[in-house]
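Visitor: I am new to this structure and would like to learn how to read it, one feature at a time. Could you take me through it slowly?

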Amino acid sequence: MSQKNRYLFRGRISERKFRDLLRLFALDITADRAAMLTGLSHNTTAALYTLLRLRMAELARADCPFRGQVELDESYFGPARTRGHRGRGNPRKVPVFGILERGGRVHCQIVKNCTKATLQAIVEGRVHLSAEITTDGFKSYDGLIAAGFSKHHKINKYYDRDHPKFAEDGVHVNGIESFWSYAKRRHQKFNGLRKTSFPTFLKETEFRFNSRHKDLYKILLR
């Protein structure tokens, strides 16, 4: 059987249809909506979306050490509350650790817990020792200077529904908070996302954020 387009191995859809679908994916249109707009079946659309997300997750992992001004933070994804639990104590929430290079990339990954040993092992593996690190006052970030990092600024971050505070005396974690806000808006968009799909979703979100100033359609086509 001849291949109908040069981008999809053994593709059964035309190159034009594939490009149309890719444009919708780049615009973050859901698979259900994209299937309706392109006339493709839901199963075909969902399968192609999955392949694209897996490829984005693969590319997102290929990064180099973070340098310059770097922000660290942790966040939790999942239901706001369940019976008997709320906030970080909710067993259905998934802890995620994030590293952001100001003006550049973000790296995020699911962690088993947010202990000092867990988070600092990730930092030491991904952040250059010359980096100027900014965090909130969470105790897990204590000891970064002793670990060899040049500078560590702390901000006493607090949350008020009307006036959230992510900065103090010019020191801020606005960049990583912006990423968490973006990621959680996307998460709400995919209501009922399976837990097994969350790791791929997270890396896709990271890839989209890191490509926010570029033409994502051309990147994906390439």
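Guide: What follows is a walk through the sheet, the helices beside it, two single residues and a pocket, in a model that is predicted.

Visitor: Let us begin with the sheet: in what order do its strands lie, and how are they paired?

Guide: A general idea helps here: in a regular strand the side chains alternate between the two faces of the sheet. In this structure the five strands form an open sheet in the order 5-4-1-6-7, and their pairing is mixed. Strand 5 (106-110) and strand 7 (151-155) are the edge strands, each of which pairs on one side only. From one strand to the next, the twist averages 20°.

Visitor: Which strands does strand 6 join, and which residues stand opposite one another?

Guide: Strand 6 (residues 132-136) runs parallel to strand 7, and five bridges join the two. Along this pairing Glu 132 stands opposite Lys 151, while Asp 136 stands opposite Ile 155. Strand 6 also runs parallel to strand 1, to which three bridges join it, and there Val 70 stands opposite Ile 133.

Visitor: Is strand 6 largely enclosed or largely open, and why?

Guide: A residue is called buried when its relative accessible area is under 20%. Four of the five residues of strand 6 are buried, so this strand is largely enclosed by the rest of the structure.

Visitor: Which helices should I look for beside the sheet?

Guide: Helix 4 (residues 116-126) lies across strand 1 (69-77), strand 4 (94-101), strand 5 and strand 6, and it runs at about 30° to strand 4. Helix 5 (residues 174-189) also packs on the sheet, where it touches strand 1, strand 4 and strand 5, and its direction makes about 30° with that of strand 1.

Visitor: How should I read a single residue in an edge strand, and what is in contact with Gln 109?

Guide: Gln 109 has its place in strand 5, and with a relative accessible area of 25% it is partly exposed. Apart from its neighbours within four places in sequence, Gln 109 is in contact with Pro 95, Val 96, Phe 97, Ile 122, Arg 126 and Leu 202. Of Gln 109 and Val 96 one can add that they are 13 residues apart in sequence, whereas their C-alpha atoms are 5.5 Å apart in space.

Visitor: And in a loop, what is there to note about the phi of Asp 28?

Guide: Asp 28 is found in the loop between helix 1 (15-26) and helix 2 (31-38). Its phi is near 65°, which is a positive value in a residue other than glycine. Asp 28 is also buried, with a relative accessible area of 13%.

Visitor: Finally, what is the volume of the largest pocket, and which residues line it?

Guide: Rolling a probe the size of a water molecule over the atoms shows where empty space is left. Here the largest pocket has a volume of about 560 Å³. It is lined by 21 residues, and those closest to its centre are Thr 50, Arg 53, Phe 190, Leu 193 and Ser 197. Helix 2, helix 3 (42-60), helix 5 and helix 6 (198-210) are the elements that give two or more residues to this lining, and helix 3 provides the largest share, six residues. By kind, the lining residues divide into seven nonpolar, eight polar and six charged.

Technical notes
Residues are numbered from 1 along each chain as its sequence is written. This is a predicted model: local features need pLDDT of at least 70, side-chain atom pairs count only at pLDDT 80 or more; totals for chains, interfaces and linings use all residues. Side-chain values use heavy atoms; hydrogens and water are left out. Two strands pair if DSSP finds at least two bridges between them. Axes are lines fitted to C-alpha atoms, for helices over the stretch in contact, and angles run from 0 to 180 degrees between N-to-C directions. Contact means heavy atoms within 4.5 Å. Buried means under 20% relative accessible area, exposed over 50%, partly exposed in between (1.4 Å probe, protein chains only). On a 1 Å grid over the protein atoms alone, a cavity is a set of points where a 1.4 Å probe fits but cannot get out, and a pocket is an open set with protein on both sides within 12 Å along at least five of seven lines; lining residues have an atom within 4 Å of a point. Grid points are joined across faces, edges and corners, and a volume is the space filled by probe spheres set on the points. Ala, Val, Leu, Ile, Met, Phe, Trp, Tyr, Cys and Pro count as nonpolar, Asp, Glu, Lys and Arg as charged, and the others, Gly among them, as polar.
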